[in-house]
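Colleague: I have the model open now. Can you walk me through its contacts, beginning with the charged side chains?

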Amino acid sequence: MPSKKALVRRPSPRLAEGLVTHIEREKVDLGLALEQWEAYVEALGEHGWETIEVDPVDDCPDSVFVEDTVVMYRNVALITRPGAASRRDETMGVEEAVARLGCSVNWIWEPGTLDGGDVLKIGDTIYVGRGGRTNAAGVQQVRAAFEPLGARVVAVPVSKVLHLKSSVTALPDGTVIGHIPKVDKPSLFPRFLSVPEESGAHVVLLGCDKLLMAASAPKTAELLADLGHETVVVDISEFEKLEGCVTCLSVRMRELYA
């Protein structure tokens, strides 16, 4: 049976100081952000996911975006080396958490950089965004870690957004969805569906054709519902001010060994 565990991490008191690269900085309401994070975690739990809270890192403003710290493939956890040096202390608690779950642990080493938000897995194909936070050496190390296990790693250019999964994610049938103005090369994906809103490109597969997505994409939610998907909507407006989305607030672990 597939596992349904998800790593999450409580927002830092310094969340409002988080990095922004492709958008204008806006004021972040920490109290509202905490409420939104709790609602996000609750939504995962309501749909059968066991959430595992990684130890917080209060001095790391971006630490709530836990997805950037580790990439999972089957039972192997690849601890990243974030492209922003200020985020590298975030990985230690995550390493401890995945080790406790029995994962085989590997690491990205210097000079490689990799953010988990740059990795999109569709079956055994792993797309890796090559852009601002992930470099060529990082892509090579993903290949070295996962191709011996049967994965196929495909590098994808990313220049218009922070991470690959800021521009595209995938539906349960493997169709990649994205907002065309933010996608560098839609033709790289065998099946691509354009969505009308930037935040509509971000979905988390909850299982049973249910999709977790942001409240800021109502037109996309309607489109996906028309295609037969059940959408579960959460408000993450305070995290969107920091280029966050529904994918980066958790690490979904679907293939842990029993």
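Modeller: Definition to begin with: a salt bridge is a side-chain nitrogen of Lys or Arg within 4 Å of a carboxyl oxygen of Asp or Glu. This is a predicted model, so local features need pLDDT of at least 70 and side-chain atom pairs count only at pLDDT 80 or more, while totals for chains, interfaces and linings use all residues. Residues are numbered from 1 along each chain as its sequence is written, and side-chain values use heavy atoms, with hydrogens and water left out.

Colleague: Fine. How many salt bridges does that rule give?

Modeller: The count is 12.

Colleague: What does Arg10 pair with?

Modeller: Glu53, with the closest N and O atoms 3.0 Å apart. Arg10 sits in the loop between strand 1 (5-9) and helix 1, and Glu53 in strand 2 (residues 50-54), so the bridge links distant parts of the chain, 43 residues apart. Helices (H or I, at least four residues) and strands (E, at least two) are DSSP runs, numbered from the N terminus.

Colleague: Is Arg10 buried or exposed?

Modeller: Neither: Arg10 is partly exposed at 31% relative accessibility, and Glu53 is partly exposed at 39%. Buried means under 20% relative accessible area, exposed over 50%, and partly exposed in between, with a 1.4 Å probe and protein chains only.

Colleague: And Glu67, which residue is its salt-bridge partner?

Modeller: Arg252, at 3.1 Å between the closest N and O atoms. Here too distant parts of the chain are linked: Glu67 is in the loop between strand 2 and strand 3, Arg252 is in strand 15 (residues 251-253), and they are 185 residues apart. Both Glu67 and Arg252 are buried.

Colleague: Which residues are joined into a network by shared partners?

Modeller: Arg10, Glu38 and Glu53 form one network of salt bridges. Elsewhere, Arg14 and Glu17 meet in a salt bridge at 2.9 Å, N to O. Arg14 is partly exposed at 32%, and Glu17 is partly exposed at 45%.

Colleague: Switching to rings. How many aromatic pairs are there?

Modeller: Five. Rings of Phe, Tyr and Trp (its six-membered ring) pair if their centres lie within 6.5 Å; planes under 30 degrees apart count as stacked, over 60 as edge-to-face and the rest as tilted.

Colleague: What about Tyr73 and Phe146?

Modeller: They form a tilted pair, 5.4 Å centre to centre with 50° between the planes. Tyr73 lies in strand 3 (residues 70-73) and Phe146 in helix 3 (residues 136-146), so the pair ties together parts 73 residues apart in sequence. Tyr73 is buried at 1% relative accessible area, and Phe146 is buried at 0%.

Colleague: And how do Trp107 and Trp109 pair?

Modeller: Also tilted, at 5.9 Å centre to centre and 45° between the planes. Trp107 is partly exposed at 33%, whereas Trp109 is exposed at 55%. There is an aromatic cluster as well, made of Tyr127, Phe189 and Phe192.

Colleague: Now the open sheet of three strands. What is the strand order?

Modeller: 12-13-14, with mixed pairing. Two strands pair if DSSP finds at least two bridges between them. Strand 12 (204-207) and strand 14 (230-234) are at the edges with a single partner strand each, so one side of each has no neighbour in the sheet. Neighbouring strands are turned by 35° against each other on average, direction ignored.

Colleague: In which sense do strand 13 and strand 14 pair?

Modeller: Parallel, over five bridges, with strand 13 covering residues 210-214. Leu212 stands opposite Val232 in strand 14.

Colleague: Which strands does helix 1 lie across?

Modeller: Helix 1 (residues 30-46) lies across strand 12, strand 13 and strand 14, at about 175° to strand 13. Helix 4 (residues 218-226) packs on the sheet too, touching strand 13 and strand 14, and its direction makes about 170° with that of strand 13. Axes are lines fitted to C-alpha atoms, for helices over the stretch in contact, and angles run from 0 to 180 degrees between N-to-C directions. Contact means heavy atoms within 4.5 Å.

Colleague: Last one: where is His229?

Modeller: In the loop between helix 4 and strand 14. His229 is buried at 12%, and its side chain makes a polar contact with the side chain of Asp209 at 3.1 Å. A polar contact is a pair of N or O atoms within 3.5 Å; within protein, one must be able to donate a hydrogen and the other to accept it, and residues adjacent in sequence count only if both atoms are side-chain atoms.
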